[in-house]
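Trainee: I would like a close look at one part of this model, followed by a connected account of what surrounds that part in the rest of the structure.

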Amino acid sequence: NNLDSQPSIAPTAPTIEPEQVKIVGVRFKRAGRIYYFDPKDLELNLNDYVIVETARGLEVGRVVLAPRQVLVSEIEMPLKAVIRKAEPSEAVRSEEIEKKEHEALVECGKMIARLGLPMKLLSVEYSLDGNHITFFFSAAERVDFRELVRELAGRFRVRVELRQVGARDETKIMGGYGRCGRPLCCVTWLSEFQPISIKMAKEQGLPLNPMKISGVCGRLLCCLSYEHELYHDMRSKMPREGQPVMTPMGPARIMGSIPLKETVVVMLETQVTLELPLKDVQIIGPPVAEKIAK
């Protein structure tokens, strides 16, 4: 029987597709962090204003990422749902809240001065429903503000929260201009702060003078990270300092490199220093420092 002689085929295991979820990206402030919400069945487009529930109550946010499917593993679950689109009247309500925030800022400033607290008041935020108010401040050290909270709660009759922020967040709130002459990145578009290290300045050949590589906040410039990956890749292709090389003028030693120009600075055996294209030098041995260490 020909049918019996046919080889058996093992059943193919079903393919399991990664679990996905629909999200929409909402931002509450210009250059603020993007938060993800479940859009449900709402038809949302970019720049639509929506009402969402946060830890501070109901708030108005702007859609900056249109609804899309993403892997569950890429976001933090569970997601809160978008309640609804914002009504035009709620834009007027938002303006009224801004006035209340200014009044609260002045009043809280007076209380801080009267209580003699070592803190700098930065800004105030009211929730959309007016039931929650958050005061942002900076301080050099821990502050006992329990008495201030009691007075604020008695004055405004809402739930009060005081939140201490760091130097970077303080600058983001206050605003300003960088040494480049442009408005600060953290105010205009930078939504989240990335770790910055002195190594980034070293790899870009910048002077390690704190006054020259620090921003308005007193921390290392955020823009040190913008070209770090490019410099890192280019540095990896350059010979190391002390490396013996052969040049068209004879044997030499690497004294430095200029990644953006793809050139190296070499010292010939005659003690003459030259800048040569990387393609004109050939490595002939390990760096001298490593050879001595061995």
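Which residues form one aromatic cluster?

Mentor: Bearing in mind that this is a predicted model, the aromatic cluster is formed by Phe-28, Tyr-35 and Phe-37. Phe-28 takes part in two pairings here: with Tyr-35, the ring centres are 5.7 Å apart and the planes stand at 55 degrees, so this pair is tilted, while with Phe-37 the centres lie 6.4 Å apart and the planes make 85 degrees, an edge-to-face arrangement. The angle of 55 degrees falls short of the cut-off for edge-to-face, which is over 60 degrees. In the structure as a whole there are five aromatic pairs.

The members of the cluster can also be described by their accessibility. Phe-37 has a relative accessibility of 5% and is therefore counted as buried, the limit for that class being under 20%. Phe-28, with a relative accessible area of 24%, is partly exposed, and Tyr-35, with 37%, is likewise partly exposed. A neighbouring stretch of sequence gives a further point of reference: Ile-23 belongs to strand S1, which covers residues 20-27, and Ile-23 is buried at 2% relative accessibility. Lys-40, in turn, is placed in the loop that joins strand S2 (34-37) to strand S3 (49-54), and its phi is positive, near 55 degrees, although the residue is not a glycine. Most residues other than glycine have a negative phi. A second case of this kind is Gln-271, whose phi is near 70 degrees; Gln-271 occupies the loop between strand S11 (263-268) and strand S12 (273-277) and is exposed, with a relative accessible area of 58%.

Aromatic rings elsewhere in the model have a charged partner. Lys-100 lies over the face of Tyr-126, at 4.5 Å from the ring centre, and the charged end of Arg-155 is set over the ring of Phe-156, 5.0 Å from the centre of that ring. Phe-156 is part of helix H2 and, at 13% relative accessibility, is classed as buried. Between the C-alpha atoms of Phe-156 and Ile-133 there are 8.8 Å, for a separation of 23 residues along the chain.

Ile-133 leads to the largest nonpolar core, which has 22 residues, and in which Met-119, Ile-133, Phe-135, Leu-148, Leu-152 and Leu-162 touch the most other members. At least two residues of this core come from each of helix H1 (88-115), strand S6 (120-126), strand S7 (132-138), helix H2 (146-156) and strand S8 (159-164), and H1 gives the most, with five residues. In soluble globular proteins, nonpolar side chains tend to be buried together.

Finally, the second largest pocket holds about 490 Å³ of space. Its lining consists of 26 residues, and those closest to the pocket centre are Cys-185, Gly-215, Leu-221, Cys-222 and Cys-223. Helix H3 (167-174) and helix H4 (185-188) are the elements that contribute two or more residues to the lining, which by class comprises 16 nonpolar, five polar and five charged residues. To relate this pocket to the part of the chain where we began, Leu-221 and Ile-23 are 33 Å apart from C-alpha to C-alpha, with their positions 198 residues apart in sequence.

Key:
Residues numbered from 1 in each chain as written. Predicted model: local features only at pLDDT ≥ 70, side-chain atom pairs only at ≥ 80, totals over all residues. Heavy atoms only, no water. 1 Å grid on protein atoms, 1.4 Å probe; cavity = no way out; pocket = protein on both sides within 12 Å on 5 of 7 lines; lining within 4 Å. Points joined across faces, edges and corners; volume = space filled by probe spheres on them. Helix = DSSP H or I, 4+ residues; strand = E, 2+ residues; numbered from the N terminus. Nonpolar A, V, L, I, M, F, W, Y, C, P; charged D, E, K, R; others polar. Phe/Tyr/Trp six-rings, centres within 6.5 Å; stacked < 30°, edge-to-face > 60°. Buried < 20%, exposed > 50% of the residue type's maximum accessible area, 1.4 Å probe, protein only. Lys NZ or Arg CZ within 6 Å of the ring centre and 35° of its normal. Core = buried A, V, L, I, M, F, W, Y, C linked by side-chain atoms within 4.5 Å.
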